[in-house]
Amino acid sequence: MSQLPASPRVSVIIPAHNEADAIGLVLAEIPAGLVQEVVVVDNNSTDNTSAAAAAAGATVLREPRPGYGYACLAGMAHCYAAPIVPVPDIIVFLDGDHSDYPADLPDLLAPLLRGEADLVIGSRALGQRESGALLPQQVFGNWLATRLLRLRYGGQFTDLGPFRAVRTTALQQLGMADKTYGWTVEMQIKAARQGLRIVEVPVRYRRRIGTSKVSGTIRGTLGAGYKILWTIYRYW
């Protein structure tokens with residue numbers, strides 16, 4: 001792949017479902033000067049997520065179809081179309097529940113800026129986690145999924161963390177398609193299969209604001225676990 005420009009354009013995509021209490025805090029913590037556009041995708045929220053994000057200066061999109069992948073795909077389509085600013089050189093994915101630390105963004109971008117990576121995954125397993133930030137089922141699910149990925153593809157994955165940065169050209173090459181819980185693992189599988197340079201960096205992780213739509217319910221936990229394992233099997 002070609003070299004990134006000296007001052008690459010960076011866009012952040014934040015899928016958000018009912019994150020009115022958290023999204024303003026997340027946006028306030030994104031380091032100034034690093035990012036040209038922050039896109040919050042309101043994923044079928046029933047609260048004031050859109051208004052809170054707009055008040056904090058984000059570009060707000062609405063994706064009425066529920067699903068993490070749907071929200072990410074909507075944000076990507078916006079970035080590719082570049083209606084306001086040029087197409088970004090790097091796209092960052094970040095959760096809107098205040099569990100990730102946007103202040104860790106420079107560490108996430110560093111391997112890309114040095115020309116050492118095409119995809120950088122923020123690893124909560126390698127970083128510092130607040131007590132209770134990851135529930136036991138999440139820890140086990142990450143361990144099982146990353147073990148299967150290492151077994152099949154040889155990559156040294158430790159996490160399926162949502163906080164990640166990728167070169168836009170690499171992301172376009174992946175042909176992302178998953179609409180729901182399989183999004184993160186699909187990206188890692190396809191990146192490994194296509195021989196992209198993948199780097200993990202330690203990131204901090206804290207308890208989210210509000211109840212998780214995935215790990216906070218039995219239905220969400222089982223649904224996410226099934227979809228992740230099915231995605232790994234489907235590409236096996």
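**Entry 1: H78**

I started with H78, which I found in helix α3. A reminder to myself before going on: this is a predicted model. Is H78 buried or exposed? Its relative accessible area came out at 11%, so H78 is buried, the cut-off being under 20%. I then looked for a polar partner, and the side chain of H78 has one in the side chain of E37, at 3.0 Å.

**Entry 2: E19**

Next I went to E19, which sits in the loop between β1 (10-16) and α1 (23-28). E19 has 5% relative accessibility, so I noted this loop residue as buried. Which side chain does E19 meet in a polar contact? I found R208, with 3.2 Å between the two. I also checked E19 against S50: they are 31 residues apart in sequence, and their C-alpha atoms are 8.9 Å apart in space.

**Entry 3: the largest nonpolar core**

How many residues make up the largest nonpolar core? I read off 31, and the ones with the most contacts inside this core are F93, L171 and M187. Then I listed the elements that give two or more residues to it. The strands are β2 (37-42), β4 (90-93) and β5 (119-123). The helices are α3 (68-81), α5 (136-153), α6 (168-174), α7 (183-193) and α8 (218-235). Helix α3 is thus on the list, and I had already met this helix as the home of H78.

Apart from this core I found another, of 27 residues, with V10, I14, L112 and V120 among them. A general point for the margin: in soluble globular proteins, nonpolar side chains tend to be buried together.

**Entry 4: M187 and helix α7**

I took a closer look at M187. Leaving out residues up to four places away in sequence, M187 touches F93, L119, R164, L171, L174 and M176. Two of these, F93 and L171, I had just noted with M187 for having the most contacts inside the core.

Why do I call α7 largely enclosed by the rest of the structure? Because 9 of its 11 residues are buried. I wrote them down: W183, T184, V185, E186, M187, Q188, I189, K190 and A191. After α7 comes G195, and its phi is positive, near 75°.

**Entry 5: a patch on the surface**

Last, I turned to the outside. Y226, W230 and Y233 make a nonpolar surface patch of about 410 Å². I placed Y226 in helix α8, and with a relative accessible area of 59% I logged Y226 as exposed. Helix α8 also gives two or more residues to the largest core, so I have it down twice in these notes, for the core and for Y226.

Methods. Residues are numbered from 1 along each chain as its sequence is written. This is a predicted model: local features need pLDDT of at least 70, side-chain atom pairs count only at pLDDT 80 or more; totals for chains, interfaces and linings use all residues. Side-chain values use heavy atoms; hydrogens and water are left out. A nonpolar core is a set of buried Ala, Val, Leu, Ile, Met, Phe, Trp, Tyr and Cys residues joined through side-chain atoms within 4.5 Å. Buried means under 20% relative accessible area, exposed over 50%, partly exposed in between (1.4 Å probe, protein chains only). Helices (H or I, at least four residues) and strands (E, at least two) are DSSP runs, numbered from the N terminus. Contact means heavy atoms within 4.5 Å. Patches are made of residues with over 30% relative accessible area and no salt bridge: like charges are joined within 9 Å, nonpolar side chains (Val, Leu, Ile, Met, Phe, Trp, Tyr) within 5 Å. Accessible areas come from the Shrake-Rupley method with a 1.4 Å probe; for residues, only the protein chains shown count as cover. A salt bridge is a side-chain nitrogen of Lys or Arg within 4 Å of a carboxyl oxygen of Asp or Glu. A polar contact is a pair of N or O atoms within 3.5 Å; within protein, one must be able to donate a hydrogen and the other to accept it, and residues adjacent in sequence count only if both atoms are side-chain atoms.
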